[in-house]
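Colleague: I am new to this structure and would like to be taken through it. Could we begin with the overall picture and then turn to details?

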Amino acid sequence: MTILVDKNQLVVPGEVLARGSGVDVAGGVYRKKINGETEIIASMIGLVKIRQDSVGVVPLEGCYIPLEGDIIIGKIVRVGLTSWNVDIRGPYVGALRVNSVLDRDFDSLRESLEQVLNYGDVIKAQITYFDRTRDPVLTMLGRGLRKLTHGRLIDVDPVKIPRIIGKKGSMIQLLKNMTNAQIIVGQNGRIVVSANSVEKENLVISAIRKIEAEAHTSGLTDRIREYLEEKNKKL
Amino acid sequence: MTQDKISLLLDDGRRLDGRELHEIRPITMKSSVLDRADGSCYLTWGNNKIICAVYGPRELHPKHLAKPDRAIVRVEYRLATFSVNERKSPAPRRREYELSKLIKESLDSVLFLEKFPNGTIDVYITVLDADGGTRCAALTAASIALADAGIPMKGFITGCAVGKVADKMVVDLSDVEDKDGQGDMPVAMNYNTGEITLLQCDGEFTTDEVKEGLSLAIRAIGEVYKMQKEAVLAKYTQIEESIDDLGEEEE
């Protein structure tokens with residue numbers, strides 16, 4: 001196997017990353033046999049990720065693909081008789097059944113689902129089931145899963161979420177500690193920010209936008225710390 | 001017709017706009033120009049101005065169009081009313097339906113549609129100013145917008161037309177050469193793999209001319225491909241450079 005690119009190199013779809021057999025592929029690439037030789041080719045814009053015997057691309061653009069277990073922030077787009085449809089910012093609409101929201105019996109003849117969650121409500125939920133043949137199934141039974149009633153809701157690129165959270169949550173902790181804001185991050189690229197003043201909220205949002213724009217660069221946590229220190233002085 | 005009256009080559013052998021026979025027009029490309037779209041591109045190719053927006057993968061309506069094993073691609077190629085000499089009616093014409101269809105089929109071949117069953121990827125292309133070769137330019141712009149939207153793909157589709165003018169094979173025809181020349185042959189391909197995804201031919205060519213035209217087109221596509229790649233990465237390299245500059249200033 002020969003690897004033709006450097007670690008963390010920016011690549012575009014179609015670029016050949018490695019030749020030869022015995023390479024595992026991670027995400028963002030595909031394999032193709034050309035003249036009897038296997039080539040590993042990038043399928044997305046991103047940074048090259050090389051581990052011992054695997055090559056992949058960490059994408060810098062992309063939509064949210066639901067994954068079982070993901071905590072997401074969704075918006076109710078339809079209220080049915082016994083279930084809701086939730087916009088999860090992905091290619092599919094999430095299904096939320098009444099027994100995944102209330103841990104008691106629900107009588108659809110006497111009660112209306114709108115009293116529980118209405119059109120337009122923002123919720124923090126978890127994906128319990130998804131296999132691409134059916135729409136993702138959500139639940140709100142779990143620690144911290146609830147209807148979100150206050151704060152500012154912002155949309156970010158879903159592929160940048162790991163960077164906003166940081167290694168072992170370092171970046172999000174930094175943001176929370178330096179601004180005393182409450183930040184709820186959904187894996188689907190939605191973030192709810194609430195702080196005790198609008199200025200603080202603006203600061204957090206501008207820091208998040210900065211992380212989003214500079215996600216492909218190194219030394220980002222330090223730069224964000226400096227940025228927050230500088231801006232905090234002015235507040 | 002008037003063909004023998006119009007001379008499409010200057011006395012020194014160059015073309016009416018001063019280009020050499022095998023020279024392409026100046027091209028600029030910029031990705032992520034639209035905020036609302038998932039991916040977008042603005043491209044100028046000579047006097048052509050094209051803007052392209054990509055939405056998706058997203059839920060498909062009406063549902064009966066959905067394919068259970070893959071996403072579908074919907075392409076809408078439109079000429080703006082002011083893009084041509086005489087005002088064009090905003091309603092789509094035969095030509096626009098045809099170009100939408102062939103751009104769709106060309107893009108279909110490079111996208112990993114099976115990753116998004118039941119979904120759709122919508123590509124909207126608007127030609128703001130048309131001066132020959134818009135189908136190739138539109139395909140080139142659409143690939144950039146698709147990559148910008150983060151849709152997994154095998155590689156870029158890059159296009160360039162070749163044609164015959166005054167019995168000579170020329171690359172990248174302008175509107176006049178397209179209309180008054182002897183023939184044109186738009187080619188689009190996945191440059192990395194060498195797979196041709198669009199090949200049309202209008203006019204009269206000999207077998208040798210077709211062969212020559214194809215090799216000229218492939219060479220021109222190679223040039224455009226390099227620009228395409230730079231345009232897609234420009235967004236990121238600019239940020240990297242600005243950070244490097246800041247670092248140097250501090251030191």
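**Chain B, chain A and their details**

Modeller: This is a predicted model. In chain B, 68% of the contacts with a separation of 6 or more are between residues 24 or more positions apart.

Colleague: What about chain A, for contacts between residues at least 6 apart in sequence: what share join residues at least 24 apart?

Modeller: In chain A that share is 57%.

Colleague: How many helices and strands does chain B have?

Modeller: Chain B has four helices and ten strands. Along the sequence their order is β-β-β-β-α-β-α-β-β-α-β-β-β-α.

Colleague: Which radius of gyration does chain B have, and what would a compact globule have?

Modeller: Chain B has a radius of gyration of 19 Å, which agrees with the value near 18 Å for a compact globule of 251 residues. Its C-alpha trace spans about 60 × 55 × 40 Å along the principal axes. Of the 251 residues in chain B, 45% are buried.

Colleague: And chain A, how many helices and strands are there?

Modeller: Chain A has four helices and 17 strands. Its C-alpha atoms fill a box of roughly 70 × 50 × 25 Å along the principal axes. Buried residues account for 39% of its 235 residues.

Colleague: Which domains does the assignment give for chain A?

Modeller: The domain assignment gives domain 1 (2-59), domain 2 (71-148) and domain 3 (152-234). The C-alpha centres of domain 1 and domain 2 of chain A are 39 Å apart.

Colleague: Staying with chain A, how do the axes of helix α2 and helix α4 cross?

Modeller: The axes of α2 (residues 170-179) and α4 (residues 220-234) of chain A come within 11 Å and cross at roughly 10°. An angle under 35 degrees counts as roughly parallel, and α2(A) and α4(A) are therefore roughly parallel to each other. On the α2(A) side the contact is made by S170(A), M171(A), L174(A), M178(A) and T179(A), and on the α4(A) side by T221(A), I224(A), R225(A), L228(A) and N232(A). By class, these residues are five nonpolar, four polar and one charged.

Colleague: How many residues does each chain bring to the contact between chain A and chain B?

Modeller: Chain A contributes 21 residues and chain B contributes 27 residues. On the side of chain A that touches chain B, 13 residues are nonpolar, five are polar and three are charged.

Colleague: Turning to the backbone, where are the cis peptide bonds you would point out in chain B?

Modeller: One joins G56(B) and P57(B), with omega about 0°. P57(B) lies in strand β3 (residues 48-59) of chain B. Another joins H61(B) and P62(B), also with omega about 0°. P62(B) lies in the loop between β3 and β4 (72-79) of chain B.

Colleague: What is the phi of N8(A)?

Modeller: N8(A) has a positive phi of about 65° although it is not a glycine. N8(A) lies in the loop between β1 (2-3) and β2 (10-11) of chain A. With 14 other C-beta atoms within 10 Å, N8(A) is partly exposed.

Colleague: And A166(B), where is that placed?

Modeller: A166(B) is in the loop between β6 (157-165) and β7 (168-171) of chain B. A166(B) is not a glycine, yet its phi is positive, at about 50°. A166(B) has 17 other C-beta atoms within 10 Å and is partly exposed.

Colleague: One last residue: is G194(B) buried or exposed?

Modeller: G194(B) is exposed, because 9 other C-beta atoms lie within 10 Å, and a residue counts as exposed at 12 or fewer. G194(B) sits in the loop between β8 (183-190) and β9 (195-199) of chain B.

Technical notes:
Residues are numbered from 1 along each chain as its sequence is written. Chains are lettered from A and ligands numbered from 1 in the order in which they are written. This is a predicted model: local features need pLDDT of at least 70, side-chain atom pairs count only at pLDDT 80 or more; totals for chains, interfaces and linings use all residues. Domain bounds come from an automatic or database domain assignment. Axes are lines fitted to C-alpha atoms, for helices over the stretch in contact, and angles run from 0 to 180 degrees between N-to-C directions. Helices (H or I, at least four residues) and strands (E, at least two) are DSSP runs, numbered from the N terminus. Angles under 35 degrees count as roughly parallel, over 145 as roughly antiparallel, 65 to 115 as roughly perpendicular and the rest as oblique. Two residues are in contact if their C-beta atoms, placed from the backbone, lie within 7 Å. Ala, Val, Leu, Ile, Met, Phe, Trp, Tyr, Cys and Pro count as nonpolar, Asp, Glu, Lys and Arg as charged, and the others, Gly among them, as polar. The radius of gyration is taken over C-alpha atoms; the globule rule is 2.2 Å times the number of residues to the power 0.38. A residue is buried if 20 or more other C-beta atoms lie within 10 Å of its own, exposed if 12 or fewer, and partly exposed in between; C-beta atoms are placed from the backbone.
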